[in-house]
Amino acid sequence: MADQTPTNLTERRTKPRIPVAYPALVRGDDTTNDRFQEEALVDNVSAGGLYLRVKHPVTPGSSLFITLRFSSLPPKQAQAPCLAALAMVLRADDRQDGTCGLALKFQRHRFLDCNECNCEFKKLD
(Lines give C-alpha, C1' and ligand atoms only; values in the text may rest on other atoms or scores of the structure.)
Protein backbone atom coordinates (compact mmCIF):
# COMPACT_ATOMS: atom_id res chain seq x y z
CA MET A 1 0.00 0.00 0.00
CA ALA A 2 1.37 3.44 -0.93
CA ASP A 3 2.27 5.86 1.85
CA GLN A 4 -0.40 8.61 2.07
CA THR A 5 1.60 11.09 4.16
CA PRO A 6 1.55 14.77 3.15
CA THR A 7 5.18 14.53 2.04
CA ASN A 8 4.03 12.42 -0.90
CA LEU A 9 1.46 14.96 -2.13
CA THR A 10 2.27 16.62 -5.44
CA GLU A 11 2.43 20.41 -5.53
CA ARG A 12 -0.04 21.66 -8.15
CA ARG A 13 1.16 25.25 -8.33
CA THR A 14 3.22 26.05 -11.39
CA LYS A 15 4.51 29.40 -10.11
CA PRO A 16 6.39 29.94 -6.83
CA ARG A 17 4.60 31.78 -4.03
CA ILE A 18 6.27 34.63 -2.18
CA PRO A 19 5.15 35.15 1.42
CA VAL A 20 4.23 38.81 2.03
CA ALA A 21 2.15 41.01 4.33
CA TYR A 22 0.87 43.67 1.93
CA PRO A 23 -2.34 45.68 2.09
CA ALA A 24 -5.00 45.35 -0.57
CA LEU A 25 -8.37 46.83 -1.39
CA VAL A 26 -10.94 44.23 -2.44
CA ARG A 27 -14.25 44.84 -4.22
CA GLY A 28 -16.85 42.32 -5.24
CA ASP A 29 -19.97 40.45 -4.21
CA ASP A 30 -20.23 38.25 -1.13
CA THR A 31 -22.13 34.95 -0.84
CA THR A 32 -25.45 36.83 -0.42
CA ASN A 33 -24.74 38.88 -3.60
CA ASP A 34 -24.24 42.05 -1.54
CA ARG A 35 -21.59 44.36 -2.94
CA PHE A 36 -18.64 45.01 -0.62
CA GLN A 37 -15.36 46.88 -0.52
CA GLU A 38 -12.86 46.27 2.24
CA GLU A 39 -9.22 46.36 3.21
CA ALA A 40 -7.49 43.00 3.19
CA LEU A 41 -4.11 41.49 3.99
CA VAL A 42 -2.27 39.53 1.29
CA ASP A 43 -0.47 36.47 2.68
CA ASN A 44 1.33 35.41 -0.49
CA VAL A 45 1.59 36.36 -4.14
CA SER A 46 2.82 34.74 -7.36
CA ALA A 47 2.84 35.57 -11.05
CA GLY A 48 -0.51 33.79 -11.39
CA GLY A 49 -2.45 34.85 -8.31
CA LEU A 50 -2.48 35.50 -4.60
CA TYR A 51 -3.92 34.44 -1.25
CA LEU A 52 -5.58 37.01 1.00
CA ARG A 53 -7.96 37.25 3.93
CA VAL A 54 -11.28 39.14 3.92
CA LYS A 55 -14.16 39.55 6.38
CA HIS A 56 -16.88 38.79 3.81
CA PRO A 57 -17.50 35.19 2.72
CA VAL A 58 -17.10 34.84 -1.04
CA THR A 59 -18.22 32.04 -3.36
CA PRO A 60 -15.58 30.12 -5.34
CA GLY A 61 -15.89 30.91 -9.05
CA SER A 62 -16.83 34.55 -8.44
CA SER A 63 -14.64 37.45 -9.59
CA LEU A 64 -13.12 40.15 -7.41
CA PHE A 65 -11.29 43.36 -8.19
CA ILE A 66 -8.10 43.80 -6.16
CA THR A 67 -5.69 46.69 -5.81
CA LEU A 68 -2.47 45.50 -4.18
CA ARG A 69 0.24 47.80 -2.85
CA PHE A 70 3.72 46.25 -2.82
CA SER A 71 4.78 47.69 0.53
CA SER A 72 3.77 47.31 4.14
CA LEU A 73 4.85 50.90 4.88
CA PRO A 74 2.12 53.57 4.91
CA PRO A 75 1.85 55.60 1.67
CA LYS A 76 2.89 58.76 3.54
CA GLN A 77 6.22 57.09 4.37
CA ALA A 78 7.04 55.46 1.04
CA GLN A 79 5.74 55.23 -2.50
CA ALA A 80 5.36 51.72 -3.83
CA PRO A 81 4.26 50.06 -7.05
CA CYS A 82 0.71 48.75 -7.17
CA LEU A 83 -1.16 46.11 -9.09
CA ALA A 84 -4.80 46.28 -10.15
CA ALA A 85 -6.26 42.87 -10.91
CA LEU A 86 -9.45 41.12 -11.79
CA ALA A 87 -9.21 37.71 -10.17
CA MET A 88 -11.29 34.56 -9.90
CA VAL A 89 -11.83 32.91 -6.51
CA LEU A 90 -10.46 29.37 -6.74
CA ARG A 91 -10.92 28.48 -3.07
CA ALA A 92 -12.52 30.04 0.01
CA ASP A 93 -11.32 28.88 3.44
CA ASP A 94 -13.14 29.61 6.70
CA ARG A 95 -10.35 30.58 9.11
CA GLN A 96 -10.29 30.26 12.89
CA ASP A 97 -9.95 34.04 13.29
CA GLY A 98 -13.35 34.51 11.58
CA THR A 99 -11.95 35.72 8.26
CA CYS A 100 -12.32 34.06 4.88
CA GLY A 101 -9.07 33.08 3.19
CA LEU A 102 -9.25 33.36 -0.60
CA ALA A 103 -7.03 31.71 -3.19
CA LEU A 104 -7.29 33.93 -6.28
CA LYS A 105 -6.16 33.43 -9.88
CA PHE A 106 -5.45 36.55 -11.92
CA GLN A 107 -7.71 36.92 -14.95
CA ARG A 108 -6.36 40.34 -15.96
CA HIS A 109 -3.89 42.62 -14.26
CA ARG A 110 -1.86 45.76 -14.80
CA PHE A 111 0.63 47.80 -12.84
CA LEU A 112 -0.48 51.25 -11.72
CA ASP A 113 1.37 54.50 -11.54
CA CYS A 114 2.45 55.02 -7.91
CA ASN A 115 0.45 58.24 -7.62
CA GLU A 116 -2.66 56.60 -9.05
CA CYS A 117 -2.48 53.74 -6.58
CA ASN A 118 -1.14 55.47 -3.51
CA CYS A 119 -3.97 58.00 -3.44
CA GLU A 120 -6.41 55.09 -2.89
CA PHE A 121 -4.35 53.83 0.03
CA LYS A 122 -3.80 57.31 1.52
CA LYS A 123 -7.52 57.31 2.32
CA LEU A 124 -6.80 54.40 4.66
CA ASP A 125 -4.04 56.15 6.66
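These legends accompany close-up views of a predicted model.

**View 1. The whole fold: six strands and one helix.**
Start here to get your bearings in this predicted model. Reading from the N terminus, the elements follow the order β-β-β-β-β-β-α. The protein has 125 residues, and 37% of them count as buried. If you take contacts between residues at least 6 apart in sequence, 57% of these join residues at least 24 apart. The protein exposes about 8,000 Å², with carbon and sulfur atoms supplying 51% of that area.

**View 2. The barrel, closed by six strands.**
Follow the strands around in the order E1-E2-E3-E6-E5-E4 and you will have traced the barrel, with antiparallel pairing. On average, neighbouring strands of this sheet are turned by 40° against each other, direction ignored. As a reminder, strands of a sheet pair through backbone hydrogen bonds, either parallel or antiparallel. How many bridges link E1 and E4? Four bridges pair them, in the antiparallel sense, and at this seam Ala24 stands opposite Leu68 in E4.

**View 3. E6 and its partners E3 and E5.**
On one side, E3 and E6 run antiparallel and are joined by six bridges. Here Val54 faces Cys100 of E6. On the other side, 12 bridges join E6 to E5, again with antiparallel strands. Asp93 has Gly101 in E6 as its bridge partner. E5 and E6 make a hairpin with five residues between them. Look for Gly98 in this turn, where phi is positive at about 90°.

**View 4. The largest nonpolar core, with 22 residues.**
In soluble globular proteins, nonpolar side chains tend to be buried together. In this core, the residues with the most contacts inside it are Val26, Leu50, Leu52, Leu64, Ile66, Leu102 and Leu104. Which strands each supply at least two core residues? They are E1, E2 (35-45), E3 (49-54), E4, E5 and E6 (100-112). Val26 is a good place to zoom in: leaving aside neighbours within four places in sequence, its contacts include Leu52, Val54, Leu64 and Ile66. Phe36, Glu38 and Ala40 are also among the residues that Val26 contacts.

**View 5. Glu38, an acidic residue in strand E2.**
Is Glu38 buried or exposed? Glu38 is buried, because its relative accessible area is 9%, under the 20% cut-off. Beyond its neighbours within four places in sequence, Glu38 is in contact with Ala24, Leu25, Val26, Val54, Lys55 and His56. Leu25 is 13 residues away along the chain, yet the C-alpha atoms of Glu38 and Leu25 are separated by 5.8 Å.

**View 6. Asp43, also placed in strand E2.**
Asp43 has a relative accessibility of 19% and therefore counts as buried, the limit being under 20%. Not counting residues up to four places away in sequence, Asp43 touches Ile18, Pro19 and Val20, together with Tyr51, Leu52 and Arg53. Arg95 completes this list of residues touched by Asp43.

**View 7. An aromatic cluster of Tyr22, Phe70 and Phe111.**
A search of the whole structure turns up two aromatic pairs. One of them is formed by Tyr22 and Phe70, an edge-to-face pair with 5.9 Å centre to centre and 75° between the planes. Why does this pair tie together parts that are 48 residues apart in sequence? Tyr22 belongs to strand E1 (residues 18-29), while Phe70 sits in the loop between strand E4 (63-69) and strand E5 (82-94), so the pair links those separate parts. Tyr22 is partly exposed, at 21% relative accessibility. Phe70 is partly exposed too, with a relative accessible area of 25%.

**View 8. Asn33 in the loop between E1 and E2.**
Most residues other than glycine have a negative phi. Asn33 is not a glycine, yet its phi is positive, at about 65°. Is this residue, Asn33, buried or exposed? With a relative accessible area of 64%, Asn33 is exposed.

Notes
Residues numbered from 1 in each chain as written. Predicted model: local features only at pLDDT ≥ 70, side-chain atom pairs only at ≥ 80, totals over all residues. Heavy atoms only, no water. Buried < 20%, exposed > 50% of the residue type's maximum accessible area, 1.4 Å probe, protein only. Contact = heavy atoms within 4.5 Å. Areas by Shrake-Rupley, 256 points an atom, 1.4 Å probe, with all protein chains shown as cover. Phe/Tyr/Trp six-rings, centres within 6.5 Å; stacked < 30°, edge-to-face > 60°. Pairing = 2+ DSSP bridges. Axes fitted to C-alpha atoms, helices over the stretch in contact; angles between N-to-C directions. Core = buried A, V, L, I, M, F, W, Y, C linked by side-chain atoms within 4.5 Å.
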